[in-house]
Amino acid sequence: MGAHGHGEAYKIPDPSIYKVDDIPKLKQVKEALGRQGLKDPWLRNEVWRYDPAQWGTHAQRLRVFMTRGFVYGLGLAAVTVVAETLLGSNDHHGHHGSDGGHH
């Protein structure tokens with residue numbers, strides 16, 4: 001049996017597919033280190049995190065994060081409003097005027 005019980009062995013990607021120069025943020029880090037006479041030999045290991053083909057752009061990830069569950073939340077809010085309207089509510093919020101102490 002292969003890795004993860006799926007019958008196939010996990011294929012490790014070739015390290016040459018990860019290029020720091022393909023990712024603008026990491027290229028800036030590489031250049032900043034170079035100006036100080038430094039080099040990060042492990043920087044290539046971070047390339048996969050910034051791959052827009054795999055993870056999308058920052059704006060796309062933010063949109064997914066902010067809208068995930070919105071449809072379910074809106075549906076549940078509508079169900080709650082309908083249920084309260086049909087079943088009635090004995091709680092009269094906002095009706096605490098000076099009408100003789102009626103609660």
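A contact here means heavy atoms within 4.5 Å. With that in hand, take the whole chain of this predicted model: among contacts between residues at least 6 apart in sequence, 34% join residues at least 24 apart.

**Stop one: the whole chain.** Switch to cartoon view. You'll find four helices and zero strands, so to speak an α-α-α-α run when read from the N terminus. Now put a surface on. The chain exposes about 9,600 Å², and carbon and sulfur atoms supply 60% of that. If you colour by accessibility, look for the buried residues: they make up 6% of the 103 residues.

**Stop two: the largest pocket.** Select Asp22, Ile23, Pro24 and Lys25, then add Arg49, Tyr50 and Pro52, and finish with Gly56, Thr57, His58 and Arg61; together these line the largest pocket. Which elements give two or more residues to this lining? They are α1 (24-35) and α3 (58-67), so show those two helices alongside your selection. The space in the pocket comes to about 220 Å³. Colour the lining by class and you should get four nonpolar, three polar and four charged residues.

**Stop three: the second largest pocket.** Clear the selection and pick Val20, Lys30 and Leu33, followed by Leu38, Lys39, Asp40, Pro41, Leu43 and Arg44, the residues that line the second largest pocket. Its volume is about 180 Å³. How many polar residues does the lining have? There are none: the classes are five nonpolar and four charged.

**Stop four: the tryptophans.** Next, show Trp48 and Trp55 as sticks; their rings are what to look at here. The structure holds one aromatic pair, and these two rings form it, with centres 6.1 Å apart and planes at 55°. Stacked would need planes under 30 degrees apart and edge-to-face over 60, with the rest counting as tilted, so at 55° this pair is tilted.

Keep both residues selected and turn the surface back on. Are they buried or exposed? Neither, quite. Buried means under 20% relative accessible area and exposed means over 50%, with partly exposed in between. Trp48 has 34% relative accessibility, so Trp48 counts as partly exposed. Trp55, at 40%, counts as partly exposed too.

Methods: Residues are numbered from 1 along each chain as its sequence is written. This is a predicted model: local features need pLDDT of at least 70, side-chain atom pairs count only at pLDDT 80 or more; totals for chains, interfaces and linings use all residues. Side-chain values use heavy atoms; hydrogens and water are left out. On a 1 Å grid over the protein atoms alone, a cavity is a set of points where a 1.4 Å probe fits but cannot get out, and a pocket is an open set with protein on both sides within 12 Å along at least five of seven lines; lining residues have an atom within 4 Å of a point. Grid points are joined across faces, edges and corners, and a volume is the space filled by probe spheres set on the points. Ala, Val, Leu, Ile, Met, Phe, Trp, Tyr, Cys and Pro count as nonpolar, Asp, Glu, Lys and Arg as charged, and the others, Gly among them, as polar. Rings of Phe, Tyr and Trp (its six-membered ring) pair if their centres lie within 6.5 Å; planes under 30 degrees apart count as stacked, over 60 as edge-to-face and the rest as tilted. Buried means under 20% relative accessible area, exposed over 50%, partly exposed in between (1.4 Å probe, protein chains only). Accessible areas come from the Shrake-Rupley method with a 1.4 Å probe; for residues, only the protein chains shown count as cover.
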